[in-house]
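These are my notebook entries on a structure that I had not examined before. I set down each point in the order in which I looked it up.

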Amino acid sequence: MGRMDDLVQFLHARLDDDERVARRVFGSWREIGETGVIVTSDGQHAEECANGNWTGIADHITRHDAARVLREVDAKRRIIEPYGIALKEREALRVEMRKLLGNDHDRFAKLHREESELIETATRLKPVIKLLALPYAEHPGYRDEWRPEA
């Protein structure tokens, strides 16, 4: 498996972690008035989660509730999907092309054109995938080679 395949797996694992944590939190977060009291509600029950002078922190917490995290996870998966598909399909084409070497030149040429299109797709998406991984740079599984170029 290639290094970029590893990055796709790394991203899927981090998104799975984000989703798992978000699903453990019920309801949505909101601040009551300007008191800094943060509550969450599942539509039937409300629970106070924090109280105090949390100027700015309360706003941050309420803006990043579980529903938003789940939407972000979904959006990121949709961005990653065509990249992962391009990598897998390219590898499958390479295997098939190796079998055709010296035999079916027309079929080989067609597969080569398809491979070129997949390479173009992966090349366009690679910087985006690296950017999606950047928030996880402190994770022990993150590799420096995945850092986006400045």
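The entries below cover confidence, one helix, two single residues and one pocket.

**Confidence.** I noted at the outset that this is a predicted model. I then looked up how sure the predictor was of the chain, and found an average pLDDT of 82, with 75% of the residues scoring at least 70. Confidence is highest in α1, at 91, and lowest in strand β3 (residues 46-50), where the mean is 57. I therefore read strand β3 with caution, since pLDDT is the predictor's confidence in each residue.

**Helix α4.** I checked the length of helix α4, which runs over residues 105-133. Its 29 residues, at 1.5 Å a residue, should span 42 Å. The C-alpha atoms at its ends lie 40 Å apart, which agrees with that expectation. I next looked for a bend and found one of about 40° at K126. A proline, P127, follows within four residues of K126.

I also asked which residues of α4 are buried. They are L111, E115, L118, A122, L125, I129, K130, L132 and A133. For the spacing in such a list I recalled a general point: an α-helix has 3.6 residues a turn, so residues three or four places apart point the same way.

**E117.** This residue is also found in helix α4. Is E117 buried or exposed? E117 counts as exposed because its relative accessible area is 55%, and the cut-off is over 50%. I looked up its distance to A86 as well: the two are 31 residues apart in sequence, and their C-alpha atoms are 8.9 Å apart in space.

**W146.** I located W146 in the segment after α4. Its relative accessibility is 1%, so W146 counts as buried, the cut-off being under 20%. Along the chain, W146 and L7 are 139 residues apart, yet I found a separation of 7.3 Å between their C-alpha atoms.

**The second largest pocket.** I recorded a volume of about 200 Å³ for the second largest pocket. It is lined by 11 residues, and those closest to its centre are D5, V8, H12, G84 and K88. Two elements, α1 (3-24) and α3 (66-100), each give two or more residues to this lining. Which element gives the most to the lining? I found that α3 does, with six residues. By character, the lining residues divide into five nonpolar, three polar and three charged.

Methods:
Residues are numbered from 1 along each chain as its sequence is written. This is a predicted model: local features need pLDDT of at least 70, side-chain atom pairs count only at pLDDT 80 or more; totals for chains, interfaces and linings use all residues. Side-chain values use heavy atoms; hydrogens and water are left out. The expected span of a helix is 1.5 Å times one less than its number of residues. The bend at a residue is the angle between axes fitted to the seven residues ending there and the seven starting there. Buried means under 20% relative accessible area, exposed over 50%, partly exposed in between (1.4 Å probe, protein chains only). On a 1 Å grid over the protein atoms alone, a cavity is a set of points where a 1.4 Å probe fits but cannot get out, and a pocket is an open set with protein on both sides within 12 Å along at least five of seven lines; lining residues have an atom within 4 Å of a point. Grid points are joined across faces, edges and corners, and a volume is the space filled by probe spheres set on the points. Ala, Val, Leu, Ile, Met, Phe, Trp, Tyr, Cys and Pro count as nonpolar, Asp, Glu, Lys and Arg as charged, and the others, Gly among them, as polar. pLDDT is the predictor's confidence in each residue, from 0 to 100.
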